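Got the viewer open? Let's walk through this one stop at a time, selecting as we go.

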Amino acid sequence: MKLVEFSVENYRSITAANKIKLKKYTVLVGKNNEGKSNLLSALNVSILAIDYFQSSFRRSQHSVRMSSFFRNKIYDWERDFPVQYQENNNSSDSVFKLTFKLNDNELSDFQKETGLSCNQYIPITIKMKKDNYIELDIPKKGSSAYKEKSIEICGFISEHINFNYIGAIRTEKIALDTLNRVINDELLKLDRNAEYREAMNKIDELKQEVLDEISNYLLEPMKVFLPNLKSIKMENEKYHRRSYFSRRSDVKILLDDGVLTSIEHKGDGIKSLVTLSILKERNKTSGSSLIAIEEPESHLHPGAIHNLVDVIHGISDNNQVIISTHNPLFVQRNDVMSNIMIDNGKACAAVNIKEIRDVLGIWPSDNLKNSRFVLVVEGESDKKILLKILPALSEKIGKALKNNMLAIKVLGGASNLVHDLADLQYSMCEYVVLLDNDKAGDDAIKKAKAKNLLKNEQLRKTICRGMNESEIEDCIKPAIYVGELEKTNSINIEKNKKFRNNKNKWSKRMGEVFSDQGANWDDEIESKTKNYIADIIFQKAECSDISDILIEEKSGFLEGLVLAIENMLRNDCSK
């Protein structure tokens, strides 16, 4: 089960956040006090309301005074409803809308448990009212049965999605409560253990086995942040059944980094890292998992944040993750629409990196567009092709691209090389450069070397065997794109002798083919054609067998490029 859409109206500073599309990893960005944390808090309130609804409502009730829900300050109308609207009698509800998507197995289970058929999507609307009443509706078209079985449906959702909310204000109590909540989610598997049910006197022994297991698999990932850490010990203290509104079993956590110390006496940053490491390394249990994290960088030394980015991406491999952040390192550069911008009480998906930079208040010289490591290429089409091919050639490079540690920067022409490399050096970035094997590339290389901006080990060229000049398109199999280009431009390409002339680079050969048949060929058409080919490659569903894409005898330069990038990543990590 996945949460695919979420919207909020009239909750704290958020007056309207309509139909936010949630992906596997979603990043909320914005300035201070613009509502990022409030949006995550709204999500927390919504999920808790669904859980509380199914466990507390009497059958057929859809609007009930949930006194303990409000007593625990999960929602307080005077605090959480926008102050500027509190005198307006026409608008007195905080409204939360969620849409869940079920997989095929869940659809079958849903029908068995509720007797209802479903088209994968379950929409839920929750209204928090001024008089401390809460109203829940399932606005499924054409079926009143959904409303009648809202309790069962909420129960199904609660059973099939595991939600963890980690707030940014991490006092000792909150941090330790979060840790205990995450640890006990793992301990819950014991409730399904026959031996556990039959022999209550073995509870402590069995729990300790699980805690020891957690301690063992947590040690290595925690050493990334605490190199002196020798051991982690977890001791069970007491037990309560699962409830979101009462404390569950308390676990004493001891860290040995030379001195055995309770985590209670460690800094808030360490407590947060332990929590996130558990979420990353824990075994996947039944059902789906949704994790919301406010400002994961809070309380951390800047040097630890790069490692934390990797940890959170690891969490997103097996969980749906949504975070709020001020830090550009968490921004999804290679999937821009996964970033949700919060500004002036509104929320919407980003369209480009410039928008994100503007909402974060970052100057162009800041290191948002340029990651810690950068591959510099000439054109946008080069970037698209390499984003598809490089992960297939190197797992390490694929991971670095995914985690935003490696970005691909487009020059917009070889003549911009000196300017852009100077900017990268100023931003303290490590980089590798890939240029076309032609005169423009050679001229740019000479200028960059003269200014000490480029070393031989940082440089690769698109050298294709047997060609005087060449570019990345020269190593792509024509069969992938020729048919569509011939149809679109009403020309003959593959059988044209000038296209088969292996001495000239691709753009020159293609230009001669167009001109030879009376078709126009200029810089704009060249760029459009290259991007069309890149889109075909980038949109291929699978790219594990790159022999379907590359001409083997002309793609040797890619092996050298992979080595140069991997050495850049490896050498920097050893410093």
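Where does Gln 120 lie? Select it and you'll land in the loop between helix H4 (104-114) and strand S6 (121-128). Keep in mind throughout that you're looking at a predicted model. Gln 120 has a positive phi of about 85° although it is not a glycine. For background, most residues other than glycine have a negative phi. With 24% relative accessibility, Gln 120 counts as partly exposed.

Now step along to Ile 124, which sits in strand S6. Is it buried or exposed? Ile 124 counts as buried, because its relative accessibility is 1%, and the cut-off for buried is under 20%. Show what surrounds it: leaving aside neighbours within four places in sequence, Ile 124 is in contact with residues including Ile 50, Phe 96, Leu 98, Phe 100, Leu 136 and Ile 157. Pro 139 is another of these contacts. Draw a line between the two C-alpha atoms: Ile 124 and Pro 139 are 6.6 Å apart in space and 15 residues apart in sequence.

Next, the sheet. Select S8, S12, S13, S3, S14 and S15, and you have six strands forming an open sheet in that order, with mixed pairing. At the edges are strand S8 (161-166) and strand S15 (346-349), each pairing on one side only. On average, neighbouring strands here are turned by 15° against each other, direction ignored. Zoom in on S3 and S14, which pair in the parallel sense over three bridges. Pick Leu 28 and look across to S14, where its bridge partner is Ile 340.

Stay here and add helix H12 (residues 353-360). What does H12 lie across? The answer is S3, S13 and S14, and the helix runs at about 40° to S14. Colour Ile 353, Ile 356, Arg 357, Val 359 and Leu 360: these residues of H12 are buried. The buried residues of H12 pack against strand S3 (25-29), strand S13 (320-325) and strand S14 (339-343). Right after H12 comes Gly 361, with a positive phi near 70°.

From strand S12 (288-294), follow the chain into the loop that leads to helix H11 (302-316), and stop at Glu 295. Glu 295 has a positive phi near 40°, and this residue is not a glycine. At 17% relative accessibility, Glu 295 counts as buried.

Then jump to strand S17 (residues 406-410), where four of the five residues are buried, so the strand is largely enclosed by the rest of the structure. Add strand S16 (residues 373-377): S16 and S17 pair in the parallel sense over five bridges. Phe 373 has Leu 406 in S17 as its bridge partner.

How many disulfides does the structure hold? Zero. You can still visit two cysteines: Cys 154 counts as buried at 0% relative accessibility, whereas Cys 348 counts as partly exposed at 42%.

Last, colour by pLDDT. The protein's mean is 81, and 82% of its residues reach 70 or more. Among the elements, strand S4 (residues 63-65) has the lowest mean pLDDT, 49, and strand S19 (residues 459-461) the highest, 96. Over residues 58-64 the pLDDT is below 50, and this stretch has 19 contacts in the model beyond near neighbours in sequence. Residues 239-248 also stay under 50, and the model has 27 contacts for them beyond four places in sequence.

Notes. Residues are numbered from 1 along each chain as its sequence is written. This is a predicted model: local features need pLDDT of at least 70, side-chain atom pairs count only at pLDDT 80 or more; totals for chains, interfaces and linings use all residues. Side-chain values use heavy atoms; hydrogens and water are left out. Buried means under 20% relative accessible area, exposed over 50%, partly exposed in between (1.4 Å probe, protein chains only). Helices (H or I, at least four residues) and strands (E, at least two) are DSSP runs, numbered from the N terminus. Contact means heavy atoms within 4.5 Å. Two strands pair if DSSP finds at least two bridges between them. A disulfide is a pair of cysteine sulfur atoms within 2.5 Å. pLDDT is the predictor's confidence in each residue, from 0 to 100. Axes are lines fitted to C-alpha atoms, for helices over the stretch in contact, and angles run from 0 to 180 degrees between N-to-C directions.
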